[in-house]
Amino acid sequence: MSSHQTVNIVMIEDDEGHARLIEKNIRRAGVNNPIRHFLEGTGALQYLFDAPDGPARNGPALVLLDLNLPDMSGIDILQRMKAKDSPLKRTPVVVLTTTDDKVEIERCYDLGANVYITKPVNYETFAQAIRQLGLFLSVIQVPDPDMD
Amino acid sequence: MMTRQRRANRVIFLAVAAGFVMLAVAALAVVWTFMRSQDYAELVSHTIEVEASVADLNRLVERIEASRRGYLLEGDSRFLEVFEKTAADIPVQIDRIAGLTADNPSQMERLDHFRDLTRQYLELLRNSIVDKQAGGTGVRGASLLDEEDITVVQELRDISDAMALEERRLLVAREAEANGSVYLSTAVAIAAAILLIVVAAGTIWATRRTLRALTSIGVQLQELNDDLESAVVERTSELQRANAEIQRFAYIVSHDLRSPLVNVMGFTAELDAAIKPLNELIDKAEEVAPEIVSEETKFAVREDLPEAIGFIRTSTEKMDRLINAILRLSREGRRVLAPEAVDMNALVEGIVDSLQHRIDELGVTVETEPVPTVVSDRLAVEQIVSNLVENAIKYLKRDRPGRITIRGKKASGRVLVEVEDNGRGIDPKDHERIFDLFRRSGSQDQPGEGIGLAHVRALAYRLGGTITCESVLDQGAIFRLSLPMALAPQQGVNT
């Protein structure tokens with residue numbers, strides 16, 4: 001992790017239960033970074049690109065992205081973030097969703113997703129996966145956003 | 001439309017037939033006319049012949065008179081020669097005329113009269129000659145012009161004139177008759193020709209009309225055919241769309257069902273985890289201050305909570321399996337089939353090999369007979385057959401050694417694959433039901449959700465095949481998979 005600035009975790013997840021479970025398990029893995037949770041895509045995009053304390057203007061971030069959102073597809077957000085002139089094109093995106101459709105997975109990686117995780121229905125597996133993700137988050141290096 | 005056409009056809013046929021009849025009538029009329037004119041010519045020549053004969057007869061009568069007269073006047077015996085010769089010729093001539101006019105009674109009558117008169121006349125003449133020879137004058141009266149003579153001669157002339165006249169009259173009458181019939185037959189021929197022309201024109205018109213109608217019907221048929229084809233294409237694409245819609249629906253529903261399930265299971269796990277500290281708390285409280293721990297609290301934490309959580313867990317797990325099954329079915333429906341030549345013998349062998357462990361464990365005898373090669377989607381066929389064989393192994397009867405037979409044959413452009421077992425069998429009332437999703441038959445002593453056969457049937461249908469079951473309870477079962485020999489390559493129905 002960046003030495004001078006803490007990495008914000010932005011979680012875009014429309015299911016509050018899932019969000020809570022994910023947060024709990026990340027915490028259990030010992031990750032204490034601040035987590036910002038958004039229930040829908042519009043607010044999340046605004047925060048990501050325009051908010052003064054958002055990742056585009058302020059500090060490194062890591063995005064946990066669900067694909068099934070009420071107002072848009074997570075893929076739209078991924079596309080916006082990974083666009084050529086986006087300030088967030090280097091920000092790591094972890095797609096965390098229920099879909100295990102091959103085509104969908106390929107599409108996400110093609111668009112520049114860094115990790116794609118299918119939410120296991122079995123809770124034990126789910127909790128374990130999230131905890132491992134937490135461990136992963138605690139060791140990865142996240143670049144500062146492009147300020148140009 | 002059809003009856004009208006049929007009536008028109010019949011009319012055309014009748015018209016053509018009538019045309020030919022007309023043609024025959026015209027030809028007959030012409031022949032008849034020709035024959036008539038031939039007849040007429042014969043009649044004319046006949047009349048002329050009769051006239052000529054009568055004239056000859058007259059000449060003979062005159063000659064005999066002249067020769068007699070000569071003899072009477074000159075007494076030369078040469079006249080007598082001529083007389084005798086002519087007297088012999090006259091009956092011959094009369095017979096000739098009789099032969100010619102044998103068909104005419106009035107002429108015959110006249111001829112008879114003539115014959116009698118001639119005989120009488122000859123008698124008279126002979127008498128006069130005999131008288132002369134005897135030395136007399138041979139003349140009874142003052143001159144040669146004896147009254148009786150003259151009367152007879154006059155009568156003879158009258159008769160011969162009458163006969164000639166009669167022949168002429170007959171000729172005229174016959175001519176008129178012949179002309180009349182010629183006119184009639186000409187009229188018939190002309191009428192037949194006109195009718196023929198009319199019929200021909202009508203037939204040509206009707207035929208042209210029919211041909212035109214046929215052409216237009218052909219065009220219509222072509223159009224209908226095209227319409228039908230496009231309708232089939234349209235329906236097919238509609239069906240494909242509807243099918244894709246259902247698949248997508250199932251996919252979305254099962255996906256969206258999964259999401260809350262994660263919560264239910266997740267928080268159930270959280271609850272389960274929370275029981276542990278609660279239990280510890282109660283243990284501690286019992287130890288430190290037992291009076292604050294009621295039986296109710298203890299029961300709630302130690303019995304009620306774990307039980308409730310256990311039920312929630314098994315139910316959600318079951319629901320998860322069901323959702324996964326739907327998801328799998330819908331995903332299977334979305335997969336694009338890739339037809340290829342599938343060596344069914346190798347495929348069956350592979351399936352048996354993969355189940356060998358279970359087969360050995362249960363001591364089952366598996367017999368495989370040759371199965372014809374089929375062009376189809378390998379994965380789908382494999383799933384179907386393997387499902388059937390698995391079921392056969394799964395539902396054997398415990399009290400008798402298992403025996404499973406897999407065989408195949410070609411039947412009218414299709415390949416039939418049979419999986420037969422001697423297991424517990426299926427109640428006939430359940431033969432359809434077992435192919436429904438989540439439905440099972442018999443005692444529920446084996447794990448499973450009632451998905452396998454539904455999946456098998458869905459796959460069989462997608463491959464253009466059918467699957468049926470024949471079984472008697474406790475007598476084993478035969479599952480028959482019928483597949484088309486070759487599955488047509490399909491366009492993707494992905495949406």
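**Sheets, helix packing and an annotated aspartate in chains A and B**

In chain A, residues 24 or more positions apart account for 69% of the contacts with a separation of 6 or more. The model is predicted. Buried residues make up 39% of the 148 residues in this chain. Its secondary structure consists of 5 helices and 5 strands. Along the sequence of chain A, the pattern reads β-α-β-α-β-α-β-α-β-α.

The 5 strands of the chain A sheet are arranged in the order E2-E1-E3-E4-E5. The sheet is open, and its pairing is parallel. Strand E2 (35-38) and strand E5 (115-118) of chain A form the edges, each pairing on one side only. On average, neighbouring strands of this sheet are turned by 20° against each other, direction ignored. Within the sheet, strand E1 (residues 8-12) of chain A pairs with E3(A) in the parallel sense. This pairing runs over 5 bridges. Asn8(A) stands opposite Ala61(A) in E3(A). H3(A) lies across E1, E3 and strand E4 (93-97) of chain A. The helix H3(A) runs at about 175° to E4(A).

Asp66(A) follows in the loop between strand E3 (61-65) and helix H3 (74-81) of chain A. An unreviewed UniProt entry lists Asp66(A) under "modified residue: 4-aspartylphosphate". In the model, Asp66(A) is buried, because 26 other C-beta atoms lie within 10 Å, where 20 or more suffice for that class. Residues up to four places away in sequence aside, Asp66(A) touches Ile12(A), Glu13(A) and Asp14(A). Gly74(A), Leu96(A) and Thr97(A) are also touched by Asp66(A).

Helix packing in chain A was examined for H1(A) and H5(A). The axes of helix H1 (residues 16-28) and helix H5 (residues 123-139) of chain A come within 8 Å. They cross at roughly 55°. That angle makes H1(A) oblique to H5(A). H1(A) passes H5(A) in a right-handed crossing. On the H1(A) side, the residues that meet H5(A) are Ile22(A), Asn25(A), Ile26(A) and Arg28(A). Their counterparts in H5(A) are Ala127(A), Ile130(A), Arg131(A) and Gly134(A).

Chain B also holds an open sheet of 5 strands, in the order E2-E4-E5-E7-E6. Here the pairing is mixed. The edge strands are strand E2 (365-368) and strand E6 (466-471) of chain B. Each of them pairs on one side only. From one strand to the next, the twist averages 15°. Strand E4 (residues 403-411) and strand E5 (residues 414-421) of chain B pair in the antiparallel sense. They do so over 8 bridges. Arg407(B) has Glu418(B) in E5(B) as its bridge partner. Helix H8 (residues 378-394) of chain B packs on the sheet. The helix touches E4, E5 and strand E7 (477-484) of chain B. The direction of H8(B) makes about 20° with that of E5(B).

H8(B) also packs against a helix. Helix H6 (residues 344-354) of chain B and H8(B) pack at an angle of about 45°. Their axes are 10 Å apart. H6(B) and H8(B) are therefore oblique to each other. The crossing of H6(B) and H8(B) is right-handed. From H6(B), the residues Leu347(B), Val348(B) and Ile351(B) take part in the contact. They meet Val381(B), Glu382(B), Val385(B), Ser386(B) and Val389(B) in H8(B).

Two loops of chain B carry non-glycine residues with positive phi. Ser412(B), which is not a glycine, has a positive phi of about 40°. Ser412(B) sits in the loop between E4 and E5 of chain B. Ser412(B) is exposed, because 7 other C-beta atoms lie within 10 Å, and 12 or fewer define that class. Asp474(B), likewise not a glycine, has a positive phi of about 70°. The loop between E6 and E7 of chain B holds Asp474(B). With 13 other C-beta atoms within 10 Å, Asp474(B) is partly exposed.

Definitions and conventions
Residues are numbered from 1 along each chain as its sequence is written. Chains are lettered from A and ligands numbered from 1 in the order in which they are written. This is a predicted model: local features need pLDDT of at least 70, side-chain atom pairs count only at pLDDT 80 or more; totals for chains, interfaces and linings use all residues. UniProt positions are given in the numbering used here, feature names are shortened, and annotations may be inferred rather than shown by experiment. Helices (H or I, at least four residues) and strands (E, at least two) are DSSP runs, numbered from the N terminus. Two residues are in contact if their C-beta atoms, placed from the backbone, lie within 7 Å. Two strands pair if DSSP finds at least two bridges between them. Axes are lines fitted to C-alpha atoms, for helices over the stretch in contact, and angles run from 0 to 180 degrees between N-to-C directions. Angles under 35 degrees count as roughly parallel, over 145 as roughly antiparallel, 65 to 115 as roughly perpendicular and the rest as oblique. A crossing is left-handed if the near helix is turned anticlockwise from the far one by less than a right angle, and right-handed if clockwise.
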